[in-house]
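Student: Could you take me through a close look at the largest pocket of this model, and then at the local features found elsewhere in the chain?

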Amino acid sequence: MTVADLAIEAGRGRGTSAPRWRPRRAALTRVLPLVPAIALLLLFLAGPIVYSLYGSLTNTALTGYKAANPDFIGLDNYAALFSSPEFWKSVWLTVLFVGASAVIGQNVLGMLLALLMRSSVKPLRSIVGGLVVTAWVLPEIVAAFALYAFFSTDGTLNTILARVGLEGTTWLITFPMFAVIMANIWRGTAFSMMVYNAALSEVPPEITEAAEIDGAGPFQRFFRITLPMIRRSISTNLMLTTLQTLGVFTLIWVMTGGGPGTASSTLPVLAYQQAFKFSQVGYGTAIATVTLAVGAIFSIVYIKALKPEVD
């Protein structure tokens with residue numbers, strides 16, 4: 001083989017090796033800008049989750065010797081938790097609260113408001129939109145005290161009922177879950193309304209007009225055309241409202257304190273009570289970890305529901 005042939009072979013070798021590095025360099029170039037964000041997520045998200053998981057495996061207390069020198073007790077907190085009727089009652093109340101106020105209440109009412117606002121005159125649309133959004137932008141503690149005043153024995157609701165000749169009741173004692181569910185619907189419906197209003201604006205009007213020409217009624221157009229076209233927005237909004245409602249604490253704590261007794265103690269409220277009222281920080285952290293796991297399950301379910309849309 002001549003020197004020229006060797007040079008040609010060397011050039012071919014270099015030519016075949018170059019494309020192997022190009023995808024790697026391109027992938028590295030795309031990953032590098034994400035490194036700070038990944039580091040922040042690991043520091044402020046994954047770090048606290050891992051520390052919380054470890055804390056749930058100890059008998060850490062709020063005060064006393066165990067506050068400074070906790071012992072590793074393994075799964076004892078979880079064993080006590082899953083054998084506690086109080087915990088399972090709290091799980092049921094959490095499912096009821098999330099299902100009634102977020103999955104059904106906020107989403108259904110948000111969709112109705114979005115539809116009504118799109119078909120109403122502009123002045124009425126501005127007034128209704130402003131009133132609904134005001135409940136959402138209020139600080140949670142302010143909204144909680146306002147709702148406590150509304151549902152209290154001498155509050156606004158009983159005053160209105162008395163004016164029309166009806167007898168009120170002690171809503172926060174007799175029907176505590178009803179009160180906090182209605183309060184959370186009022187508090188969070190604005191978000192669903194804005195999401196659905198934006199989704200409805202993306203539906204091509206010519207499609208619904210063609211269906212109307214073909215004889216489809218309003219309900220047929222909504223259920224057979226509009227809803228399928230905004231399924232992705234509905235799934236996304238369901239996930240966001242579910243996760244947000246799952247972690248609601250201030251609203252319930254200010255209105256009922258989890259009571260009377262444990263009649264309105266959802267998982268976040270029960271975790272707070274066990275950790276800071278009864279000083280069982282490890283046990284309360286175990287409840288918080290279970291709540292985190294429940295949120296992860298909801299997220300997986302909604303992501304699976306979204307996957308066909310993405311693909």
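Tutor: What follows starts with the pocket and its lining, and then turns to a surface patch, two backbone features and a salt bridge.

The model is a predicted one, and its largest pocket has a volume of about 710 Å³. The lining of that pocket is made up of 25 residues, among which Leu-115, Leu-200, Pro-218, Phe-222 and Thr-226 are the closest to the centre. Two or more lining residues come from each of helix 5, helix 10 (176–201), helix 11 (205–213), helix 12 (218–229) and helix 13 (231–246). Helix 5 provides the largest share of the lining, with nine residues. When the lining is sorted by class, 17 residues are nonpolar, four are polar and four are charged.

Leu-115 deserves a second look, since this residue also appears in another feature. Leu-115 is placed in helix 5, which covers residues 85–119, and belongs to the residues closest to the centre of the largest pocket. Leu-115 also takes part in a nonpolar surface patch of about 460 Å², together with Val-103, Ile-104, Val-108, Leu-109 and Leu-112. With a relative accessible area of 30%, Leu-115 is classed as partly exposed, because that class covers the values between the buried limit of under 20% and the exposed limit of over 50%.

Two backbone features lie in loops. The peptide bond that runs from Gly-259 to Pro-260 is cis, its omega being near 0 degrees, and Pro-260 is found in the loop that joins helix 14 (250–255) and helix 15 (267–277). In the loop between helix 15 and helix 16 (281–310) one finds Ser-279, a residue other than glycine whose phi is positive, near 65 degrees. The side of Ser-279 open to solvent can be given as a relative accessible area of 24%, so Ser-279 is partly exposed.

The last feature is a charged pair. Side chains of opposite charge can pair when their charged atoms come close. A search of the whole structure finds one salt bridge, and this is formed by Lys-66 and Asp-71, whose closest N and O atoms are 2.4 Å apart. The pair counts as a salt bridge because the cut-off for the nitrogen and the carboxyl oxygen is 4 Å, and the separation here is 2.4 Å. Lys-66 is partly exposed, having a relative accessible area of 27%, and Asp-71 is likewise partly exposed, with a value of 35%.

Methods. Residues are numbered from 1 along each chain as its sequence is written. This is a predicted model: local features need pLDDT of at least 70, side-chain atom pairs count only at pLDDT 80 or more; totals for chains, interfaces and linings use all residues. Side-chain values use heavy atoms; hydrogens and water are left out. Patches are made of residues with over 30% relative accessible area and no salt bridge: like charges are joined within 9 Å, nonpolar side chains (Val, Leu, Ile, Met, Phe, Trp, Tyr) within 5 Å. Accessible areas come from the Shrake-Rupley method with a 1.4 Å probe; for residues, only the protein chains shown count as cover. A salt bridge is a side-chain nitrogen of Lys or Arg within 4 Å of a carboxyl oxygen of Asp or Glu. Helices (H or I, at least four residues) and strands (E, at least two) are DSSP runs, numbered from the N terminus. Buried means under 20% relative accessible area, exposed over 50%, partly exposed in between (1.4 Å probe, protein chains only). On a 1 Å grid over the protein atoms alone, a cavity is a set of points where a 1.4 Å probe fits but cannot get out, and a pocket is an open set with protein on both sides within 12 Å along at least five of seven lines; lining residues have an atom within 4 Å of a point. Grid points are joined across faces, edges and corners, and a volume is the space filled by probe spheres set on the points. Ala, Val, Leu, Ile, Met, Phe, Trp, Tyr, Cys and Pro count as nonpolar, Asp, Glu, Lys and Arg as charged, and the others, Gly among them, as polar.
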